Amino acid sequence: MAFTRFDTANGTAHLITTGFRSILIPVNTAQPELPCDMLDVAAYLATERRSSIVLLAFTEIPLWEEMDVELPGLDGHVEAMAKQARAIAARRGVGVHVTAPRTRQPADLILREARRRKAQLIVLGATGRSRTSHQALAHDAVTRRISDQARVPTMFIQAPVAA
C-alpha cells in the first residue's frame, strides 16, 4: 500500500509506503493442520512489499519430558506444514522461511523470535488445539502475553466457523 503525503510547508509531495517487511506467524505443531487462514492473510499483507514470512512451527515440550524427547511423526508434520505454507504464499509471490524449535515457554520464544527477526507484525491465532471461536483467542495465555508484550503490532485471526 502507498499513499501520498503533502508537505504544506514547502509544497512537496512524498510517497509513503506502508506494509510490513517481515511477518511472523507462530503455529503450535500440536495443531493437526496448518491454519491456512493465518497464512492467507499474512501472504496478502506481504504481497505489496514482497515481504518475508517466517512460520515459527514450535513444539511445546512439557516439563516432565526431556527437551530432546523423540516425537514420532513430528518432522513429517512440520514438513507438511512448511510445504502447505509455501504453496499458499507462492500464490501471491511471497516466500516463507520455516523454523521448528522446541520450547517450554511459547510466549518467550515467540517474543524473542520476533525481536531477532525484526518482525514488523505478528499474526496470531490461539495456540491451543482449538481455534474455533474468538473466546479461544481471548482466553489463551500465550496469545494474551504476546499481545501485551510485543513491541510490534499483533493481528488476531479467528478460525473460520466449521460448516
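This short talk describes the fold, the cores, one helix pair and three loop residues of a protein chain.

Good morning, colleagues. Please keep in mind throughout that this is a predicted model.

I begin with the overall architecture. The protein chain holds 5 helices and 8 strands. Read from the N terminus, their order is β-β-β-α-β-α-β-β-α-β-α-α-β. Of the 163 residues in the chain, 40% are buried. The accessible surface amounts to about 9,400 Å², and carbon and sulfur atoms contribute 53% of that surface. As for contacts with a separation of 6 or more, 71% of them join residues that lie 24 or more positions apart.

I turn next to the interior. Which residues have the most contacts inside the largest nonpolar core? They are Ile23, Ile25, Ile53, Leu55 and Val123, in a core of 25 residues. Two or more residues of this core come from each of β3, α1, β4 (52–60), α2, β5 (95–99) and β7 (121–124). Helix α2 supplies the largest share, with 7 residues. A second core, separate from this one, has 15 residues, among them Phe58, Ala107, Ile110 and Leu111.

Ile23 deserves a closer look. Setting aside neighbours within four places in sequence, Ile23 contacts Ala42, Leu45 and Ala46, then Ser52, Ile53 and Val54, and finally Leu121 and Val123. Two of these partners, Ile53 and Val123, were also named among the residues with the most contacts inside the largest core.

Let me now consider how two of the helices meet. The axes of α1 (36–47) and α2, residues 74–90, lie 9 Å apart, and the helices pack at an angle of about 35 degrees. The crossing of α1 past α2 is right-handed. On the α1 side, the contact is formed by Cys36, Leu39, Asp40 and Ala43, and on the α2 side by Gln84, Ala85, Ile88 and Ala89. Classified by residue type, this contact comprises 6 nonpolar residues, 1 polar and 1 charged.

I come finally to three loop residues. Thr29 and Glu33 share a setting: Thr29 lies in the loop between β3 and α1, and Glu33 is found in the loop between β3 (22–28) and α1. Is Thr29 buried or exposed? Thr29 is buried, because its relative accessible area is 9%, and buried means under 20%. Beyond residues up to four places away in sequence, Thr29 touches Ala57, Phe58 and Thr59, together with Leu74, His77, Val78 and Met81. Phe58, one of these partners, belongs to the second core.

Glu33, by contrast, is exposed, because its relative accessible area is 60%, and exposed means over 50%. With residues up to four places away again left out, Glu33 touches His77 and Met81. Both His77 and Met81 also appear among the residues that Thr29 touches. The C-alpha atoms of Glu33 and Gln84 are 9.6 Å apart, although the two residues are 51 positions apart in sequence. Gln84 is also one of the α2 residues in the contact with α1.

The third residue, Arg49, is in the loop between α1 and β4. How is Arg49 classed at 29% relative accessibility? Arg49 counts as partly exposed, because that class lies between the 20% and 50% limits. From Arg49 to Ser22, 27 residues apart along the chain, the C-alpha separation is 9.6 Å.

Thank you for your attention.

Conventions. Residues numbered from 1 in each chain as written. Predicted model: local features only at pLDDT ≥ 70, side-chain atom pairs only at ≥ 80, totals over all residues. Heavy atoms only, no water. Helix = DSSP H or I, 4+ residues; strand = E, 2+ residues; numbered from the N terminus. Buried < 20%, exposed > 50% of the residue type's maximum accessible area, 1.4 Å probe, protein only. Contact = heavy atoms within 4.5 Å. Axes fitted to C-alpha atoms, helices over the stretch in contact; angles between N-to-C directions. Left-handed = near helix turned anticlockwise from the far one by under 90°. Nonpolar A, V, L, I, M, F, W, Y, C, P; charged D, E, K, R; others polar. Areas by Shrake-Rupley, 256 points an atom, 1.4 Å probe, with all protein chains shown as cover. Core = buried A, V, L, I, M, F, W, Y, C linked by side-chain atoms within 4.5 Å.
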